[in-house]
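User: I'd like to take a close look at one part of this protein before I plan my reading around it. Could you walk me through its charged side chains and what surrounds them?

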Amino acid sequence: MRTLHPVAGTLALAIILAFWLSTALTEISGSSEAIRTVKLAIPWGFLVLAPALAVTGFSGFRMGAKWKHPLIAAKKKRMPLIALNGLLVLVPCALVLRHFALSNDYSGVFYAVQALELCAGALNITLLAKSFRDGLQLKRRLAA
């Protein structure tokens, strides 16, 4: 578990960061074909992201179940928000944006959903990065 958890967590964070950066960079480029490609690819990334997040959550819960350390408590508080944000905001946004991209419909609604997705994605990246940081601090304390 002590190897699996950080590997799965790093993979999940890297995938979410890749989604966010690819979205932001294609928006900056202004190429509707690049935007379309990214919006069609992101839902396929869920096939790797969902198991990575599930393994991260399960292994973290198992390892920290009996710990009372404040860093563990902080990580436990973040996980429900990360999961709810992903399931209730990010996944639906990605699927709606995929639908718009398939229709080549880049209207104001597309960009409103895109803005919501970028904000929610930035929140999850921040929360996951804080959990990553806390995990590294815990690892250092265990090693000492």
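Which side chain does Arg133 meet in a salt bridge, and what is the N to O distance?

Analyst: Happy to. Arg133 meets the side chain of Asp134 in a salt bridge, with 3.1 Å from N to O. Please keep in mind that this is a predicted model, in which local features need pLDDT of at least 70, side-chain atom pairs count only at pLDDT 80 or more, and totals for chains, interfaces and linings use all residues. Residues are numbered from 1 along each chain as its sequence is written, and side-chain values use heavy atoms, leaving out hydrogens and water. A salt bridge here is a side-chain nitrogen of Lys or Arg within 4 Å of a carboxyl oxygen of Asp or Glu.

Asp134 has a second partner: its side chain also meets that of Arg78, at 2.9 Å from N to O. Arg78 sits in helix H3 and Asp134 in helix H4, so this pair ties together parts that are 56 residues apart in sequence. (Helices are DSSP runs of H or I with at least four residues, strands are runs of E with at least two, both numbered from the N terminus.) Taken together, Arg78, Arg133 and Asp134 are linked in a network of salt bridges.

How well covered are these three? Buried means under 20% relative accessible area and exposed over 50%, with partly exposed in between (1.4 Å probe, protein chains only). Asp134 is buried because its relative accessible area is 2%, and Arg78 counts as buried at 11%. Arg133, with 41%, is partly exposed.

Asp134 also matters when you look at Lys75, which is placed in H3, a helix covering residues 70-102. Lys75 is buried yet has no salt bridge, and Asp134, the nearest side chain of opposite charge, is 6.5 Å away. (Lys and Arg count as positive and Asp and Glu as negative, while His and the chain ends are not counted.) Leaving aside residues up to four places away in sequence, Lys75 touches His5, Ser131, Asp134, Gly135 and Leu138; contact means heavy atoms within 4.5 Å.

His5 brings us to helix H1, where it is one of the buried residues, among them also Ala8, Leu13 and Phe19. The buried residues of H1 pack against H2 (32-64), H3 and H4 (108-143). H1 itself spans residues 4-29, and Gly30, which follows it, has a positive phi near 80°.

Elsewhere, Glu117 forms a salt bridge with Lys39, and their closest N and O atoms are 2.9 Å apart. Glu117 belongs to H4 and Lys39 to H2, so the two tie together parts 78 residues apart in sequence. Both Glu117 and Lys39 are buried. The full count comes to three salt bridges.

To place all this in the whole chain: there are four helices and zero strands, in the pattern α-α-α-α along the sequence. Of the 144 residues, 34% count as buried. Among contacts with a separation of 6 or more, 81% join residues 24 or more positions apart. The C-alpha atoms fill a box of roughly 55 × 25 × 20 Å along the principal axes.

Technical notes: The expected span of a helix is 1.5 Å times one less than its number of residues.
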